[in-house]
Amino acid sequence: MKMKKLMIAAALLCAAVTASAANCTIEGKIGNLNAPAKIMMRYALEDGSRSQETVLSDGSFTFSFDVTQPVWVSLIINYDNAPFLRDTRNLLTFYADAGTVKVTSPDSLHHAVVEAPIITQWQDYIAKTAPTMIQIDSLLGVMRLAEPRETRTTPEFLAKQRQAGEKMYAELRERQKEYIRNNPSSFFSVIALGEVFGNKPDVAQATPYFEMLSPEMRDTWQARKFAGRLDVSDRIANGNPAPDFTLEDTNGKQVSLSDFRGKYLMLDFMGSWCQSCRREMPRMKAAYEKYKDRGLVAMSVFIESRKQPDLWKKVIQTDGMPWTCVVDWQPEMPVAKNYGITGVPRVMIISPEGVIVRHDVKAAALDQVLDEILPK
């Protein structure tokens, strides 16, 4: 399969090619600030963020660190020794890359100007995609202001907002796709790729755009993660065998996915901490009661923290969940990772033969989907 070959090639590339590190220096001048004023710099890497801080001297500061690709940077000024995270009066975010980045302002980060080649690329990307984003924000903002305050968070209003923005979001995605086609060697094509296709990319649609990226861009950690999501999407697509797994139930008994062969299985990924999961539980239970006589069984996989090892069991009891429940412990979460679970709730329907029939069923559509799939 072409997709499999692509993933193998990507994996080999990542193993064989390690981008060499180069220095990035951020030089700044923010007015004439002096101690006790301090500035903190935080930047994002694949395995988490790093930070540095220094005292301002006549407004000047310098940060230096090594990079292998562009990184997202935030600067924040602390004027009076309060904790940095509690003071967002002066916050500036931007991309930085190897070389020198200059940040200048007459008084504060709010008025700062950032100069670097990567900033020029970023501004070009924004110029080609931001107008639509601004229109979307404007439309949704106007709708929100026109709606009575007490109904602004209702599912009905939020659905109306989503529907109104749908057409413009489609236009934005087309602009981002065009940017990828025209700029395969730009880091912002990698950013656009993730924004267009998201955490659960359609393999047929997303793969051509991934392949458009230059080898250097495919070796960024964002692109490698996207390739992993493509691989998962390909693996758990409708019609593919559901990967088997074994986890412990509430009594410590080992339960495997294959134990449910011969029945249609409603496989639910959730968490005791997930309020939306619990809000959807009445629908799940109603669907189970309605279709269990037509051969439906169910299993919930709880994604849980060992810090509260019994919380999931209490939720099962409180919510009256009548089916098998097992636990997939954080941070390892081998089953959730293998199934590409990036958010919960997530419901799949598995056939009696162990084949994925539907890989992502929304609660609102669950009754209709089960009625179509299950034998009459």
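**Notebook: surface, fold and cysteines**

I began with the surface: the chain exposes about 19,600 Å², and carbon and sulfur atoms supply 53% of it. The model I am working from is predicted.

Next I looked up burial. Of the 376 residues of the chain, 44% count as buried.

For overall dimensions I took the C-alpha trace, which spans about 75 × 50 × 45 Å along its principal axes. I then listed the secondary structure and found 11 helices and 15 strands.

I checked how contacts are spread along the sequence. Taking contacts between residues at least 6 apart, I noted that 66% join residues at least 24 apart.

Charges came next. I have 46 positive and 45 negative side chains in the chain. The centres of these two sets lie 3 Å apart.

Then I turned to the cysteines. How many disulfides does the structure hold? I found one. The bond runs between Cys274 and Cys277, with an S to S distance of 2.3 Å. I looked up the torsion about this S-S bond, which is about 85°, so I logged the disulfide as right-handed. Both partners, Cys274 and Cys277, are buried.

Why does Cys325 not bond to Cys277? The closest cysteine sulfur to that of Cys325 is the one in Cys277, and at 12 Å it is too far for a bond, since a disulfide needs sulfur atoms within 2.5 Å.

Is Cys325 buried or exposed? I entered Cys325 as buried because its relative accessibility is 4%, and buried means under 20%. Cys24 has 0% relative accessibility, so I entered Cys24 as buried too.

Conventions. Residues are numbered from 1 along each chain as its sequence is written. This is a predicted model: local features need pLDDT of at least 70, side-chain atom pairs count only at pLDDT 80 or more; totals for chains, interfaces and linings use all residues. Side-chain values use heavy atoms; hydrogens and water are left out. Helices (H or I, at least four residues) and strands (E, at least two) are DSSP runs, numbered from the N terminus. Buried means under 20% relative accessible area, exposed over 50%, partly exposed in between (1.4 Å probe, protein chains only). Contact means heavy atoms within 4.5 Å. Accessible areas come from the Shrake-Rupley method with a 1.4 Å probe; for residues, only the protein chains shown count as cover. Lys and Arg count as positive and Asp and Glu as negative; His and the chain ends are not counted. The place of a charge is taken as NZ of Lys, CZ of Arg, CG of Asp or CD of Glu.
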